[in-house]
Amino acid sequence: MTELRHRGATGSDPALQPPSEDKGSDSEAKVDKDGLSDSEAKVDSGVPEVPVPPDDTPEVLNKALSGLSSRWKNWWVRGILTLAMISFFFFIIYLGPMVLMMIVLCVQIKCFQEIITIGYSVYHSYHLPWFRTLSWYFLLCVNYFFYGETVTDYFFTLVQREEPLRILSKYHRFISFALYLTGFCMFVLSLVKKHYRLQFYMFGWTHVTLLIVVTQSHLIIHNLFEGMIWFIVPISCVICNDIMAYMFGFFFGRTPLIKLSPKKTWEGFIGGLFATIVFGIMLSYVMAGYRYFVCPVEFNNDSNSFQVDCEPSDLFQLQDYALPSVLESVTGWTTVRLYPFQIHSIALSSFASIVGPFGGFFASGFKRAFKIKDFANTIPGHGGIMDRFDCQYLMATFVNVYIASFIRGPNPSKVIQQLLALRPDQQLHIFNSLKAHLIEKGLLPALEEAAA
Amino acid sequence: MTELRRRGGGGGDSPENMSDKEADAEDRLGLQPDTDPDPDPDVDMDCKADTPDVPLSTADIDNTPQCLNKALEGLPPRWKNYWIRGVLSLAMISGFFLIIYLGPVTLLLVVMTVQIKCFHEIITIGYRVYHSYELPWFRTLSWYFLVCVNYFFYGETLADYFGALVQREEPLQFLARYHRFISFALYLAGFCMFVLSLVKKHYRLQFYMFAWTHVTLLIVVTQSHLVIQNLFEGMIWFIVPISIVICNDIMAYLFGFFFGRTPLIKLSPKKTWEGFIGGFFSTVVFGFILAYLLSHFQYFVCPVGFNSETNRFTVECQPSEIFELQTYTLPAVVQNTLTWKTVQMFPFQIHSVFLSSFASLIGPFGGFFASGFKRAFKIKDFASTIPGHGGIMDRFDCQYLMATFVHVYITSFIRGPNPSKVLQQLLMLQPEQQLSIFHTLHNQLRERGLLPPAD
């Protein structure tokens, strides 16, 4: 999350930690001009501080910018990296759903690693027996469970075709549970007399991290399969909100927003809200025209590849909306042609601007609690992967819940799968109910009743 | 979990030892059991850097009711302890029978009460560990999250099993349709409240308590919901697993008491291999017999259904195949010894063998986990709710894994998906999707011969 500068902040900060300035975390207390005295040392009886990772800017950038003052250098580094990340985002969208899935998986693993490393530093638990192995093992188990469910849901026919896959999918829950139990028993057996508390802490830490990181990444993948637009628009809205709030705060920021992040301002917050809504509407308009973004990702059994080809649903077809009279008189239009999806995008943007920042505050509070500046140093000028994704979590869950509640019904292939798993008498019963329902709706001619 | 006594273990235990549990707690109470052959100075060295010890709480104070104390005045403390534990065990088992008799709704309420009490016990421990009584809002937030998660789970259960009832009432229909969204909104409100409640000097404590609450919710609430799902499958899926775990506890204790010699695991020094193996075999036998007895009654065997007309729960149905006696031919080896050719069993009894094996082999790990937890935080018992036994969590620590296992077992091996839920989902699909599914199903049923072939 970018922190906003107070307007007219004084000149160049010491060149100690150039990438850290805009983060506004508590380490700024050392170089602070806002008088933050976040001394928690008295309260937290003694988990020592996490060591600060060294400056990780690549040499080439350092050389190119060696002439500038450190403040501008910082801006350039951040700016270049931002552009690099955004270009990378476009590139992987171009490459298609499979690549996106892989990227999501990699990001998830990296986030998990960052948080677990912080846990190790906080608790000095490098030497705990087995613990690294167990953390990664649990990550593997939970991923296996989630990915297995996803694959079974969406690629039902592929799974049915291959015999080993079919068995794996039929007993999937049992296998996942058995794998998890093995890890659990290994944990219990690894408890060492003098380290019980540490081990339980790390166990708790691992599970909470899994809960946060892995479930979110899976919801992202579910959104992706619904249609790439459900992946791109939310992420873009959050990024836009970050950038716009920063800009508005930079130019107009005066009133602080929350004590937790003292550089955020109400002007940035509200400006970001409006800018994001407008951006969301425009982006949806641009994307809703293309099948590539709008169609659910499906697996074609014959060609054995992913395809995004379909008849776009109602949401993505232009419709005429009559403007309320207020707007009519202002703009002189009577109706406007919109995609219904654009209206949904307003809801998504509002969430990204209003509730999304709480994810960022949560991460800020977490960093202050454990006295770390950034989660890691992966991206020069920005910190770790988690720093970039902290606002995205709530967004991914929200989009998933939104889709499940307001957009789509259940997944048809999953329903077929369940149907075929029922007992014959239950199938017959459902068949008759369905037939009655379809005849009622006029989808089946009544003649069929006599024939069957 | 009952700890086993070593055979011929050193004479009298210290008089204040109200429970057979953690030996290390005695160090803290200042009583040196010099006759104890296995002193256990369990000092977490690297926890100096960590949060301080949990202070003595009311959980460690003797909570035996006065009447019992009076009645057992004359006996030496060791026997007094046995009597108290024995009386309470019988009381709990009778209570169990009573609520089974009272029916599924009572069971549901009891499960919910137990869940709330377990949550309360663990959260209280968290407060004591972190001295976080004074944290603003935190008690409220913990209970609020409990309510949210329960609302989410119970709502899903109700929508699944009582679809007809839900469809009838308009407000319920609305709540059911947007259930996930409403639950998520409630949870988010709690999350935002947490973020807004972060106070400058208490960040770390607050994050710890947040994580503690969530892990507790994960353990306690999900398990209790799996217990309820098992219950709805048929009360036998609730009764048999719980009874098996209780039986394993008691049998392992008895075998250990009479024959115990070889220690099982350093974590619980009073457990022995003899107890473990003896408990395993006796539990398998017990489960087998119990399954046989219960499978006859529709009351236990039928899924709990809701009768829309009478607005009550009914347990009546045509028992499924696993609850019908079948004839099995014995393998030749057994035939020679027993001279029976075939034996009549319920298939469910075979399933019960698997359930018993799990309860005896893996269930104890749940108990070891809880023992490790208690040692880590230097507490003797989770609470003092049940005299002689400790808190509710102490009684239920082995049940967790069991509940999840039974649920996974049922969904993998016993039943398919819930037909009313499938129909509900079908009716929510788009018309053309419904048509295509209709045709697929039609072909499938024709192939199986359940429908006459097409003209």
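**A tour of chains A and B**

Start by selecting helix H3 (residues 97-123) of chain A: at 1.5 Å a residue its 27 residues should span 39 Å, and its end C-alpha atoms are 39 Å apart, so the two agree. The expected span here is 1.5 Å times one less than the number of residues, and helices are DSSP runs (H or I, at least four residues) numbered from the N terminus. Step on to His124(A), which follows H3(A) and has a positive phi, near 50°.

A word on what you are viewing: this is a predicted model, where local features need pLDDT of at least 70, side-chain atom pairs count only at pLDDT 80 or more, and totals for chains, interfaces and linings use all residues. Residues are numbered from 1 along each chain as its sequence is written, chains are lettered from A and ligands numbered from 1 in the order in which they are written, and side-chain values use heavy atoms, leaving out hydrogens and water.

Now show both chains. They bury about 8300 Å² between them, 74% of it on carbon and sulfur atoms; buried area is the accessible area (1.4 Å probe) lost on being put together, summed over both parts. Select Arg204(B), Phe369(B) and Phe438(B) next: in chain B these lose the most area to chain A, together 10% of what that side buries.

Which element gives the largest share of the side of chain B that touches chain A? Pick H19(B), with 11 residues.

Finally, look for charges pairing across the interface: the rule finds 0 salt bridges (a side-chain nitrogen of Lys or Arg within 4 Å of a carboxyl oxygen of Asp or Glu).

How values were computed: Buried area is the accessible area (1.4 Å probe) that two parts lose on being put together, summed over both. Helices (H or I, at least four residues) and strands (E, at least two) are DSSP runs, numbered from the N terminus.
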